Amino acid sequence: MTGITLTTRITLTTINARYVHAALGLRYLRANMGALREATHIAEFVLGDRPADIAERLLADAPRIIGFGVYIWNVEETARVVAILKRVAPEITVIVGGPEVSYEIENQRVCELADYVVTGWGDVTFPKLCADIVAGVLPTTMPAQKIHAGVQPPMREIASPYGEYTDEDIARRFIYVEASRGCPFKCEFCLSALDKTAWPFEPERFLGELKALYDRGARHFRFVDRTFNLKIAASLAILEFFLARLSDDLFIHFELIPDHLPEKLKAAIARFPQGRLHFEVGIQTWDEAVQARISRKQDNALAETNLRWLREESPALIHVDLIAGLPGEDLATFGRGFDRLHALRPHEIQVGILKRLRGAPIARHTEQHAMRYSPDAPYVVLATDKLDFSEVQRIVRFARYWDLVGNSGRFHRTLPLLLTAAPFARFMQFTDWLYARTGKTHEFALEKLCGHLYDFLVGSGAETTAVAAAVAGDYEACGAKGRLPFMAAGVRPEPRAGVRGKLRQARHVHA
């Protein structure tokens, strides 16, 4: 290709939430760079890295072009990095792409700072843009055409990204894969509502890619498909692939549609050992009026039946999402939804706060329902006509404390004492008490958290000996060596086998 020289260097980069999250999007881009692939390399960072340090490390490779993957969780940090680069190395062409810069581009700082913006699918458009820059067809900076709308190619023409995972990725990180892109549903809080349908990759090719990853040692697979169980034949083929390769360290994550679980799929799920499958199930809201308002089609009765089966009769770990702050839902209806879900005993209930994703159709409710969002990423709702600011803040704290106590897998003995007939109201009572006592929602050492639970329960009238035994039992089952102030000499239960030092999922397995 004209313009490619030994000094041609293209860097693909992003800021991940954590090291274990390897960016699938960057690997798609490199795999599709064509003649520029060998001149392109990937550099990933994590939240918490200093912007100046990121810029320095990027410049150390002397790139000609830097492409940034921009997401809701990293847009502010990315803008700071780009600002530094444009000050100290303005000759480098900066291209930004990703969900956060694909819609409502005007007045976004990171877009103003960048030389080019690629919106939507980047598999074809980003490589072509780079090729034109390298060939001198386009200027490197201050271009006349700044925004390039992503072209969506036929799925068979997209080069596979999985060969871009390194041996270190496979050994130490989650391996993200996708059997399909897009989503046929129109839930307005989600950017996938803008998709026309879901587009599958060719099944045999995809299974071949899975085999190559497995043969290289990959054992932790996270499917990013929005609707893994949309096409049951494809779902069964993937499950059968893994059933033929079961191992003690295999772990597979899928997102499931809650009201679509036919008997054939149940039969395949039931054949897995405990703890190998992790299902994320989006309930979001049980309120039928809210569901209709946000264009979410969900058979609640069938979803409830399927969740009950998954929890009681399947070996899978079940993580279910609820969203607080949806238009028209108040604290009471959300609380009833939480209680309904809690009665089904999923391993984890993720209480999320509504975010106004750029481009998502949820924006159409802003005026009618007085939806007020934070002006900064991740644009969480601050108040609605049904939830005032203080109520939203209480739910935010509830979500954080629930993750520490309810979702952590650490308090199997204590939770039954804490959650009485009305779990949401009871845990909200604990939430309000704990925040009033500590004034914080983070950085709770296990010993301190156990002490707070003990004090709250005893102060609420629970029997002291039973509380002490439960909290101390959970404390020691986590592998803690110290002694809590309330631990009696005889309170020293045996920890559950296999729990100490394990990930949260393992603690749920041994519940």
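Modeller: Let's fix one word before we start: a residue is buried when its relative accessible area is under 20%, exposed when it is over 50%, and partly exposed in between, using a 1.4 Å probe and protein chains only. This is a predicted model, in which local features need pLDDT of at least 70, side-chain atom pairs count only at pLDDT 80 or more, and totals for chains, interfaces and linings use all residues. Residues are numbered from 1 along each chain as its sequence is written, and side-chain values use heavy atoms, with hydrogens and water left out.

Colleague: OK, why is Met 33 called buried?

Modeller: Its relative accessible area is 3%, and the cut-off is under 20%, so Met 33 counts as buried.

Colleague: Where does Met 33 sit, and what is it in contact with?

Modeller: In the loop between helix H1 (24–31) and strand E2 (40–46); helices (H or I, at least four residues) and strands (E, at least two) are DSSP runs, numbered from the N terminus. Contact means heavy atoms within 4.5 Å, and, leaving aside neighbours within four places in sequence, Met 33 is in contact with Ile 10, Thr 40, Phe 126, Pro 127 and Cys 130.

Colleague: What makes H1 mostly covered?

Modeller: Seven of its eight residues are buried: Leu 24, Leu 26, Arg 27, Tyr 28, Leu 29, Arg 30 and Ala 31. They pack against several elements, including strand E1 (10–16), E2 and helix H5 (125–135).

Colleague: And how do you know that H5 is mostly covered?

Modeller: Nine of its eleven residues are buried, among them Phe 126, Pro 127 and Cys 130. The buried residues of H5 pack against E1, H1, strand E3 (65–69), strand E4 (93–97), strand E5 (116–119) and strand E6 (147–149). Just after H5, Gly 136 takes a positive phi of about 85 degrees.

Colleague: Back to Tyr 28. Why is its pair with Phe 201 called stacked?

Modeller: A search of the whole structure finds 27 aromatic pairs. Tyr 28 and Phe 201 are 6.4 Å apart centre to centre, with 15 degrees between the planes. Rings of Phe, Tyr and Trp (its six-membered ring) pair if their centres lie within 6.5 Å, and planes under 30 degrees apart count as stacked, over 60 as edge-to-face and the rest as tilted, so this one is a stacked pair. Tyr 28 in helix H1 and Phe 201, in the loop between strand E9 (198–200) and helix H7 (203–215), are 173 residues apart. Both Tyr 28 and Phe 201 are buried.

Colleague: What makes Tyr 454 and Phe 486 a stacked pair?

Modeller: Their centres are 4.0 Å apart and their planes 5 degrees apart, so they fall inside both cut-offs. Tyr 454 is in helix H16 (residues 446–459), and Phe 486, 32 residues away, is in the loop between helix H17 (464–477) and helix H18 (504–509). Both Tyr 454 and Phe 486 are buried.

Colleague: Zooming out, why do you call the protein as compact as a globular protein of its length?

Modeller: The secondary structure comes to 18 helices and 16 strands. The radius of gyration, taken over C-alpha atoms, is 25 Å, and the globule rule (2.2 Å times the number of residues to the power 0.38) gives 24 Å for 511 residues; the two are close, so the protein is as compact as a globular protein of that length. Buried residues make up 55% of the 511, and the C-alpha trace spans about 80 × 50 × 50 Å along its principal axes.
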